[in-house]
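Reader: I would like to go through this structure with you, one point at a time. Could we begin with the charged pairs and then turn to the strands and the interior?

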Amino acid sequence: MRKAIGIVPAAGHGSRLRPFRYPKELFPIGYVRGEGGGSDVQLKVVCQYVLDCLVDASIDQAYVVVSDHKFEVIRFLSDGQEYDINLAYLFQKEIKGLPFAIDCAYRWVRDDVSVLVLPDTILEPRDCVRQVLDFLYETQADVVLGVFPTTHPEDLCAVRFDSRGRVHRLYDKEESHGVMNTWGMAAWSPMFTEFLHRSLQEHAARPHAPDEGELALADIFSKALESGLRVLACEVARGKFWDIGKNSSLIKARREFESHTL
């Protein structure tokens, strides 16, 4: 069984939350008990939730990808020891989108299983990464998408899959498809790591139209499907998903987690 390593891309601009400009990954959502126990509580920031999920899956190492306006993330998380995980940082000089941020880790994870968690999301239950990782090992798939229910799939990326978990299509920010879910995390083998790296090299080498949009990770997943890679979906049991990068979802999450009993 290959070692699993976390990838935590935190280099983006967070443009959907403007004029708010502080790193969205450090937005306080809910609380955690302090070291003193009892009534001692501390604020919990968004990215701590996905780190908890990695730790629950016995992942002890993760790479956090940052850009020059996200150094506060490094100051806050430090080496990760406070969160029971070893963290190292990779610098993305030019922000090109999520696939390129992930590829920053290529040289360090190319021989291992990669587990992608997005630090501007909250995932439940805490064992969701373990569920997806176990499914990857069990099925020997190239990619497994962790799928969560949502009432707003048109804002996210819905996944159509069959009873055996075989993915048939992804709908990235599309309407009228009737699929009420979204992928919220993913795990993949070294084969997909190489496929992603090669696809980005090919993308960078070809000419682009001035109005061409940013390459999405869903585009790479879809291309992997077309190329014959085994892309499966794992419907997370008791799954819940919050996208903190959007104001409406952020407000909903704050209300939800403010009411949680410690």
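Reader: Which residue forms a salt bridge with Glu 72?

Author: This is a predicted model, in which local features need pLDDT of at least 70 and side-chain atom pairs count only at pLDDT 80 or more, while totals for chains, interfaces and linings use all residues. Residues are numbered from 1 along each chain as its sequence is written, and side-chain values use heavy atoms, with hydrogens and water left out. A salt bridge here is a side-chain nitrogen of Lys or Arg within 4 Å of a carboxyl oxygen of Asp or Glu, and the closest N and O atoms of this pair are 2.9 Å apart, the partner of Glu 72 being Arg 75.

Reader: Why are Glu 72 and Arg 75 separated by about one helical turn?

Author: Helices (H or I, at least four residues) and strands (E, at least two) are DSSP runs, numbered from the N terminus. Glu 72 and Arg 75 both belong to helix H2 (residues 71-77), and they are about one helical turn apart because their separation in the chain is 3 residues.

Reader: Is Arg 75 buried or exposed?

Author: Buried means under 20% relative accessible area, exposed over 50%, and partly exposed in between (1.4 Å probe, protein chains only). Glu 72, with a relative accessible area of 28%, is partly exposed, whereas Arg 75, at 59%, is exposed.

Reader: How many residues apart are Lys 3 and Asp 60, which link distant parts of the chain?

Author: The side chains of Lys 3 and Asp 60 meet in a salt bridge at 3.0 Å, N to O. Lys 3 is in the segment before strand E1 (4-9) and Asp 60 is in the loop between H1 and E4, so that the distance along the chain is 57 residues.

Reader: Which strand runs antiparallel to E8?

Author: Two strands pair if DSSP finds at least two bridges between them. Strand E8 (residues 143-149), in which 6 of the 7 residues are buried, pairs in the parallel sense with strand E12 (residues 231-235) over 5 bridges, and Val 144 stands opposite Leu 232 there. On the antiparallel side, Pro 149 stands opposite Asn 181, and 7 bridges join E8 to strand E11.

Reader: Which helix gives the most to the largest nonpolar core?

Author: A nonpolar core is a set of buried Ala, Val, Leu, Ile, Met, Phe, Trp, Tyr and Cys residues joined through side-chain atoms within 4.5 Å. The largest one has 41 residues, and those with the most contacts inside it are Leu 54, Val 115, Val 129 and Leu 133. With 7 residues, the element that gives the most to this core is H5.

Reader: How many residues are in the second, separate core?

Author: That core includes Val 65, Cys 157, Ala 186 and Leu 217. Its count is 36 residues.

Reader: What is the phi of Ser 58, which is not a glycine?

Author: Most residues other than glycine have a negative phi, and most peptide bonds are trans. Ser 58 lies in the loop between helix H1 (46-56) and strand E4 (61-66), and it is exposed, with a relative accessible area of 59%. Its phi is positive, at about 65°.

Reader: Which peptide bond is cis?

Author: Pro 125 lies in the loop between strand E7 (121-124) and helix H5 (128-139). With omega near 0°, the cis bond is the one from Glu 124 to Pro 125.
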